[in-house]
Amino acid sequence: MRNVIALLCGLVFGAGLAVSGMTDTAKVLGFLDVLGNWTPDLAFVIGAAACVILMTFPFVMRRKSPLMSLRFLLPTTKFINGQLVGGAALYGIGWGLYGYFPGSAMSSLLYQDWKTAIFVVAMLIGMALANKVSAN
Amino acid sequence: MVAYITPLIGGVLIGISAFFLLFFLGRISSVGGIVWGAVSAQPDNAWRWLFVVGLVLGPLLYHTLLDTPYPQASPLQWWHAAIGGLLMGFGVKLGSGFTSSQGVLGIVWFSARYLVAAVIFMSTGIATLYIVRHLVPGL
């Protein structure tokens, strides 16, 4: 049952990305083009998602545990350090270079553009490299 | 406003997905983290792979059922994709879990950590695009 829910969550997430145009690199890059031809779509996506989360999360967090797992696994790191700042800076450069974030890149694999596959493989290599760096 | 109906609907779907994943599995929908967990063969992994399968099938459902065309392929070069992906993957892991979707959560929880991350990646994103598109076109 957990697996069915996970598949369903992926489906809804991926459909949401496609409906909102976030699998279109032109639209996402357009959001960053504040000094050129700005397309605000991403702001509406974030706004709508934030509203749903704002309305539903307090209800979820009142529970002691999730419905199908033993406990909530939430990010615990709270502090702001050099790794966060550097990581966020690199993430933004990668975003501005091609116009995907991890979710939209995965969903866009559907479109069978080989450059998307290159992006995803490179992203995984980047994650593996960062793991090595943080481990040392 | 009509032009922004689809971004709003898409955002609602993304929010609902995040709510379900937290409510049922107790997980935050951070795609970078889920994909990494899937390929690095962590225990109890089936749900991650199925989430990723869903990520690809969701757009298929949308484009098929509503008969909408796929977006145009990116005109950028393969090395934009390679370097962009590499930096994004490295950045996500180095920052130990902030993502675009967690950026949304950061707004909701007023978490300074996520807000700082969001401001920084927005800034470098805008700067990078400005350089590549306007300052040195053809880079």
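Tutor: Helices (H or I, at least four residues) and strands (E, at least two) are DSSP runs, numbered from the N terminus. The structure is a predicted model, in which local features need pLDDT of at least 70, side-chain atom pairs count only at pLDDT 80 or more, and totals for chains, interfaces and linings use all residues. Residues are numbered from 1 along each chain as its sequence is written, while chains are lettered from A and ligands numbered from 1 in the order in which they are written.

Student: In which loop is the place of B:A41?

Tutor: B:A41 is not a glycine, yet its phi is positive, at about 50°. B:A41 is exposed, because 8 other C-beta atoms lie within 10 Å of its own; a residue is exposed at 12 or fewer such atoms, buried at 20 or more and partly exposed in between, with C-beta atoms placed from the backbone. In chain B, its loop is the one between α2 (31–39) and α3 (46–65).

Student: B:P43 is to be located as well: is B:P43 buried or exposed?

Tutor: B:P43 belongs to the loop between α2 and α3 of chain B. The number of other C-beta atoms within 10 Å of B:P43 is 5, and therefore B:P43 is exposed.

Student: How many Å apart in space are B:P43 and B:D67?

Tutor: B:D67 has its place in the loop between α3 and α4 of chain B, and it has a positive phi of about 50° although it is not a glycine. With 7 other C-beta atoms within 10 Å, B:D67 is exposed. In sequence, B:P43 and B:D67 are 24 residues apart; from C-alpha to C-alpha, the separation in space is 39 Å.

Student: Turning to chain A, how many helices does its secondary structure comprise?

Tutor: The elements of chain A, read from the N terminus on, run α-α-α-α-α-α. The C-alpha trace of chain A spans about 45 × 40 × 30 Å along its principal axes. Its secondary structure has zero strands, and its helices come to six.

Student: What percentage of the residues in chain B is buried?

Tutor: Chain B has six helices and zero strands, in the order α-α-α-α-α-α from the N terminus on. Of the 136 residues in chain A, 51% are buried. Of the 139 residues in chain B, the buried portion is 51%.

Student: Among contacts in chain B with a separation of 6 or more, what percentage comes from residues 24 or more positions apart?

Tutor: Two residues are in contact if their C-beta atoms, placed from the backbone, lie within 7 Å. In chain A, residues 24 or more positions apart account for 38% of the contacts with a separation of 6 or more. For chain B, the corresponding share is 30%.

Student: Which helix of chain A supplies the largest share of the side that touches chain B?

Tutor: Contacts between the chains involve 98 residues of chain A and 97 residues of chain B. On the chain A side, α1 (2–19), α2 (25–32), α3 (41–61), α4 (82–98), α5 (102–108) and α6 each supply at least two residues. The largest share is 17 residues, and it comes from α1(A).

Student: Against which helix of chain B do the buried residues of α2(A) pack?

Tutor: Helix α2(A) is largely enclosed by the rest of the structure because seven of its eight residues are buried. The buried residues are A:T25, A:K27, A:V28, A:L29, A:G30, A:F31 and A:L32. Within chain A they pack against α3, α4 and α5, and within chain B against α6 (112–135).

Student: Is A:K27, a lysine in helix α2 of chain A, buried or exposed?

Tutor: Leaving out residues up to four places away in sequence, A:K27 touches A:G21, A:M22, A:T39 and A:D41. A:K27 and A:W38 are 11 residues apart in sequence and 9.0 Å apart in space, C-alpha to C-alpha. There are 20 other C-beta atoms within 10 Å of A:K27, so this residue is buried.

Student: Which residues of chain B are in contact with A:V45, leaving aside neighbours within four places in sequence?

Tutor: A:V45 is among the residues with the most contacts inside the largest nonpolar core, together with A:A49, A:F119 and B:F51. With those sequence neighbours left aside, A:V45 is in contact with A:S20 and A:M22 in its own chain. Its contacts in chain B are B:P7, B:G10, B:G11 and B:I14.

Student: How many residues does that largest nonpolar core have?

Tutor: A nonpolar core is a set of buried Ala, Val, Leu, Ile, Met, Phe, Trp, Tyr and Cys residues joined through C-beta atoms within 7 Å. In this model, the number of residues in the largest such core is 77.
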